[in-house]
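Here is a short set of exercises to work through with the structure open beside you. Try each task before reading its solution.

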Amino acid sequence: MNLSPPDLTAVLAAGQLHGEAVEHSERTLGDLGGVFADEAARLAMDPTVVAYRVQRHLSVADGTPGGLYFGTSFVEPGRVGDEYFMTKGHFHVKRECGEYYWCLEGGGVLVLMDEDRKTWGVAMEPGVVHYIPGHTAHRLVNTGDRTLVVGACWPSDAGHDYASIAARGFGARVLDRDGEPTLVTEGRG
């Protein structure tokens, strides 16, 4: 039997993806201007420190209706001031598109925000799967002391709208308050 090589191999327990169609990206503290509340604290830190990395298996061309993408985010432990390392967060360009996240390692918070800026958080711990409905922005926050590893699956035509978040942020932030991660809403410190 003559079999074709696999498109993707994965070390699922660690979230590692391997294959020709796997893209890799990373965001350093230098890339995350305007993301954290305490910009002075971010600027005082080493800009080459990696806050998070992403691997994506892009099985079809971007924007193809009916396709699915598969990926893993690796959010490193750390804080900028009293705010934990996090991803930039995004809505989908096609707002009605949902997404699945599942935690593989570490611990943290999945911060969700609807289009009216109502913001809430749900715990991310190994084995837990979250469905993110359409019209909901989402961001990962690492509140632990080791890498938060989260798998994801989303429609190939969903797109990512980072600009809306860059312009207005989320309606809440996850801050260290007396050693405990605390979701703090806008206007409240």
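**Exercise 1. A pair across the sequence**

Which residue's side chain meets that of Glu 83 in a salt bridge? Keep in mind that this is a predicted model. Locate both partners and classify their accessibility.

*Solution.*
- Step 1. Look at the side chain of Glu 83: its salt-bridge partner is Arg 173, at 2.6 Å from N to O.
- Step 2. Place the two residues. Glu 83 is part of strand 7 (residues 83–84) and Arg 173 is part of strand 14 (residues 172–177), so the bridge ties together parts that are 90 residues apart in sequence.
- Step 3. Apply the cut-off: buried means under 20% relative accessible area. Glu 83 has 1% and is buried, whereas Arg 173 has 24% and counts as partly exposed.

**Exercise 2. A pair within one helix**

Find the salt bridge between Glu 39 and Arg 42, and describe its setting.

*Solution.*
- Step 1. Check the distance: the side chains of Glu 39 and Arg 42 come to 2.5 Å, N to O.
- Step 2. Check the positions: both residues belong to helix 1, and they are three residues apart, about one turn of the helix.
- Step 3. Check the accessibility: Glu 39 is partly exposed at 26%, while Arg 42 is buried at 9%.

**Exercise 3. From a pair to a network**

Which residues are linked with Asp 161 in a network of salt bridges? Begin with the Arg 95 pair and build outwards.

*Solution.*
- Step 1. Asp 161 and Arg 95 form a salt bridge, with 3.0 Å between the closest N and O atoms.
- Step 2. This pair links distant parts of the chain, 66 residues apart: Asp 161 sits in the loop between strand 13 and helix 2 (163–168), and Arg 95 in the loop between strand 7 and strand 8.
- Step 3. Asp 161 counts as buried, at 14% relative accessibility.
- Step 4. Add Glu 115, and the network is complete: Arg 95, Glu 115 and Asp 161.
- Step 5. For the wider setting, the structure holds nine salt bridges.

**Exercise 4. The nonpolar core**

Which residues touch the most other members of the largest nonpolar core? Then trace the elements that supply this core.

*Solution.*
- Step 1. The core has 36 residues, and those touching the most other members are Phe 36, Tyr 101, Met 124 and Leu 140.
- Step 2. Two or more residues each come from strand 4 (50–58), strand 5 (68–75), strand 8 (99–105), strand 9, strand 12 (136–142) and strand 13 (148–155).
- Step 3. Strand 9 gives the largest share, five residues.
- Step 4. Now turn to Phe 36. Beyond its neighbours within four places in sequence, its contacts include Leu 29, Val 80, Tyr 84, Phe 85 and Met 86. Phe 36 is also in contact with three residues from the first two exercises: Arg 42, Glu 83 and Arg 173.

**Exercise 5. Two loop residues with positive phi**

Arg 117 and His 135 make a good pair to compare. Where does each lie, and is each buried or partly exposed?

*Solution.*
- Step 1. Read the backbone angles: phi is near 75° for Arg 117 and about 65° for His 135. Both values are positive, and neither residue is a glycine.
- Step 2. Arg 117 lies in the loop between strand 9 (108–114) and strand 10 (119–124), and His 135 in the loop between strand 11 and strand 12.
- Step 3. Arg 117 counts as buried at 15%, while His 135 counts as partly exposed at 37%.
- Step 4. Look around Arg 117: a polar atom of its side chain lies 3.3 Å from the backbone oxygen of Phe 170. Leaving aside neighbours within four places in sequence, the contacts of Arg 117 are Arg 168, Gly 169, Phe 170, Gly 171 and Glu 186.

**Exercise 6. A buried loop residue and a surface patch**

Contrast Leu 32 with Tyr 131.

*Solution.*
- Step 1. Leu 32 lies in the loop between strand 3 (22–28) and helix 1 (39–44), and its relative accessible area of 0% makes it buried.
- Step 2. Among its contacts outside the neighbouring four places are Arg 27, Ala 51, Tyr 52 and Met 86.
- Step 3. Tyr 131, in strand 11 (residues 129–132), is partly exposed at 47%.
- Step 4. Together with Tyr 100 and Val 129, Tyr 131 makes a nonpolar surface patch of about 330 Å².

Technical notes. Residues numbered from 1 in each chain as written. Predicted model: local features only at pLDDT ≥ 70, side-chain atom pairs only at ≥ 80, totals over all residues. Heavy atoms only, no water. Patch = residues over 30% accessible without salt bridge, like charges linked within 9 Å, V, L, I, M, F, W, Y side chains within 5 Å. Areas by Shrake-Rupley, 256 points an atom, 1.4 Å probe, with all protein chains shown as cover. Salt bridge = Lys/Arg side-chain N within 4 Å of Asp/Glu carboxyl O. Helix = DSSP H or I, 4+ residues; strand = E, 2+ residues; numbered from the N terminus. Buried < 20%, exposed > 50% of the residue type's maximum accessible area, 1.4 Å probe, protein only. Polar contact = N/O pair within 3.5 Å; in protein donor to acceptor, adjacent residues only side chain to side chain. Contact = heavy atoms within 4.5 Å. Core = buried A, V, L, I, M, F, W, Y, C linked by side-chain atoms within 4.5 Å.
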